[in-house]
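Colleague: Could you walk me through this model before I go back to the bench?

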Amino acid sequence: MAKDSSTMEIMAQNNLNLPRIIKEDGCYQPGFQKESCLRKLSSGLYAFRTFLEYIEETTQRSVSISTGAQHLAETLKSMVSSIYI
């Protein structure tokens, strides 16, 4: 069995409550709201970090997914902050 499919099975077995983007987050058209969407994406990436670390451990990835996601979350958060300056 491929590592990717075993990872998907583990996710299904553990009923992971991963962050989701919904219409009210302002990330879809029509009704796109940049600040609201960036906040949701940033907080979702922070919440997703533990899961990404788990995936790194179970798949023995050489590239750090969680570090990249954290950097992206921090960038999005700074974009929201700069909007209000």
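Modeller: Here is a short walk through two loop residues and then the core. This is a predicted model, in which local features need pLDDT of at least 70 and side-chain atom pairs count only at pLDDT 80 or more, while totals for chains, interfaces and linings use all residues. Residues are numbered from 1 along each chain as its sequence is written, and side-chain values use heavy atoms, with hydrogens and water left out.

Colleague: Where is Gly26?

Modeller: Gly26 lies in the loop between α1 (3-14) and α2, where helices are DSSP runs of H or I with at least four residues, numbered from the N terminus.

Colleague: Is Gly26 buried or exposed?

Modeller: Gly26 is buried, with a relative accessible area of 3%; buried means under 20%, exposed over 50% and partly exposed in between, using a 1.4 Å probe and protein chains only.

Colleague: What is Gly26 in contact with?

Modeller: Leaving aside neighbours within four places in sequence, Gly26 contacts Gly31, Phe32, Gln33, Ser36 and Cys37, contact being heavy atoms within 4.5 Å.

Colleague: And Ser64, buried or partly exposed?

Modeller: Ser64, in the loop between α2 (34-59) and α3 (65-83), is partly exposed at a relative accessible area of 31%.

Colleague: Which residues form the largest nonpolar core?

Modeller: The seven are Leu38, Leu45, Leu52, Ala69, Ala73, Leu76 and Val80; such a core is a set of buried Ala, Val, Leu, Ile, Met, Phe, Trp, Tyr and Cys residues joined through side-chain atoms within 4.5 Å. α3 gives the most to this core, with four residues.

Notes. Helix = DSSP H or I, 4+ residues; strand = E, 2+ residues; numbered from the N terminus.
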